[in-house]
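Here are my notes on the model you sent over. Have the structure open while you read.

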2 protein chains.
Amino acid sequence: MNEKARERACTERDSWVWRALGDPSRRRMLDLLRRRSRTTGSLAAEFDFTRFAVMKHLKILERAGLVVVERRGRERVNHLNPVPIQEIYRRWIRPFEALPADRLLRIRAAVEKSRERQESER
Amino acid sequence: MNEKARERACTERDSWVWRALGDPSRRRMLDLLRRRSRTTGSLAAEFDFTRFAVMKHLKILERAGLVVVERRGRERVNHLNPVPIQEIYRRWIRPFEALPADRLLRIRAAVEKSRERQESER
DNA sequence: GTTATATGTGACGATTAGGTCACATATGAA
DNA sequence: TTCATATGTGACCTAATCGTCACATATAAC
């Protein structure tokens with residue numbers, strides 16, 4: 001029961017992060033911000049769609065805590081914050097790596113079979 | 001330029017996985033499947049919405065490679081496949097952990113400031 | 001002050017996604 | 001064969017999401 005409660009809490013807390021990471025444009029933004037921090041305008045120049053759309057994406061990333069804003073005069077510098085991604089890893093990715101070996105074998109067999117099935121369908 | 005091409009390819013290939021992970025119901029499904037493999041019906045019993053909705057979710061998870069299906073007579077056993085999640089980690093999570101120390105300090109300062117700002121707004 | 005630049009807001013439209021429904025198919029057991 | 005059970009398909013509705021537009025605000029430089 002404790003585990004269930006923990007799961008549920010994590011799901012809700014991480015929800016904004018997952019939503020933010022779900023969009024390819026936003027992932028590309030994070031990739032750009034990973035190299036160096038940028039102002040909103042500088043970031044918008046990298047995308048085909050309008051600056052307003054970029055701002056919306058940044059707002060979503062900020063809400064998720066993935067982007068932190070530093071005001072510098074009339075500019076707005078967007079920094080990438082890696083912490084939420086690390087938390088996602090600890091709560092979601094790592095547990096999925098720790099499956100028992102017998103299950104992994106069985107899953108691998110199922111993957112093989114489904115691959116064969118897909119190929120025979122062609 | 002090589003790096004850019006690699007990024008782009010990764011983004012597109014992982015796109016289905018991200019989409020699949022974006023929904024909280026699907027994440028809960030993966031959590032259930034992590035404990036043990038289940039038939040579609042058994043899985044559907046855990047959710048408030050209909051079995052058909054569960055099937056749609058399973059289809060999306062399957063398209064992303066996160067769920068592998070094993071036919072067993074008239075039953076359909078859904079296995080969790082951890083491989084795509086591991087790939088997500090390698091291509092997306094780990095690079096974000098490797099930021100240089102000076103940038104991390106600066107980002108941390110920005111996080112602090114934005115937190116102060118948020119608190120003063122209350 | 002005036003003006004140019006950088007960022008923010010509100011309303012709107014098109015597309016997609018999550019969900020339900022009624023109905024169809026396939027397998028195991030009697 | 002007959003019937004119950006497990007899974008699959010097509011059309012539909014609703015709500016959220018991504019993008020645009022016109023307009024508003026704030027700061028730096030002159």
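The points below go through the symmetry, one helix pair and the two DNA strands.

1. Ground rules. This is a predicted model, in which local features need pLDDT of at least 70 and side-chain atom pairs count only at pLDDT 80 or more, while totals for chains, interfaces and linings use all residues. Residues are numbered from 1 along each chain as its sequence is written, chains are lettered from A and ligands numbered from 1 in the order in which they are written, and side-chain values use heavy atoms, with hydrogens and water left out.

2. Symmetry. How do the protein copies relate? In general, two copies of a chain are related by a rotation about an axis and a shift along it. Here, a turn of 180 degrees with a shift of 0.0 Å along the axis lays chain A on chain B with an RMSD of 0.0 Å (superposed by least squares on the C-alpha atoms of residues with pLDDT of at least 70 in both). That is the relation of a two-fold axis. G22(A) has the C-alpha nearest the axis in chain A, 2.7 Å from it. Both copies use the same surface, since 98% of the contact residues of chain A recur in chain B (contact means heavy atoms within 4.5 Å).

3. A helix pair across the chains. Helix 5 (residues 83–97) of chain A packs against helix 2 (residues 24–35) of chain B at an angle of about 30 degrees, with the axes 11 Å apart. Helices here are DSSP runs (H or I, at least four residues), numbered from the N terminus; axes are lines fitted to C-alpha atoms over the stretch in contact, and angles run from 0 to 180 degrees between N-to-C directions. Chain A brings W92(A), P95(A) and F96(A) to this contact, and chain B brings R27(B), L30(B), D31(B) and R34(B). By class that is 4 nonpolar, no polar and 3 charged residues (Ala, Val, Leu, Ile, Met, Phe, Trp, Tyr, Cys and Pro count as nonpolar, Asp, Glu, Lys and Arg as charged, and the others, Gly among them, as polar).

4. DNA strand D. Which residues come closest to this strand? Of the 22 that surround DNA strand D, the closest are R19(A), T50(A), K56(A), H57(A) and G41(B) (near means a heavy atom within 4 Å). Helix 4 of chain A gives the most to this surface, with 5 residues. The class split is 6 nonpolar, 6 polar and 10 charged. Sugar or phosphate makes up 61% of the strand D atoms within 4 Å of the protein, and the rest belong to bases.

5. Polar contacts on strand D (pairs of N or O atoms within 3.5 Å). A polar side-chain atom of K56(A) sits 2.3 Å from a base oxygen, and the side chain of R51(B) has an N or O atom 3.3 Å from a base oxygen. G41(B) uses a backbone N or O atom, 2.7 Å from a phosphate oxygen.

6. DNA strand C. Again 22 residues surround the strand, and the closest are G41(A), R19(B), T50(B), K56(B) and H57(B). Sugar and phosphate account for 62% of the strand C atoms within 4 Å of the protein. Phosphate oxygens lie 2.5 Å from a polar side-chain atom of T50(B) and 2.3 Å from one of H57(B), whereas R51(A) places a polar side-chain atom 3.3 Å from a base oxygen. Helix 4 of chain B supplies the largest share of this surface, 5 residues.

How values were computed
Helices (H or I, at least four residues) and strands (E, at least two) are DSSP runs, numbered from the N terminus. A polar contact is a pair of N or O atoms within 3.5 Å; within protein, one must be able to donate a hydrogen and the other to accept it, and residues adjacent in sequence count only if both atoms are side-chain atoms.
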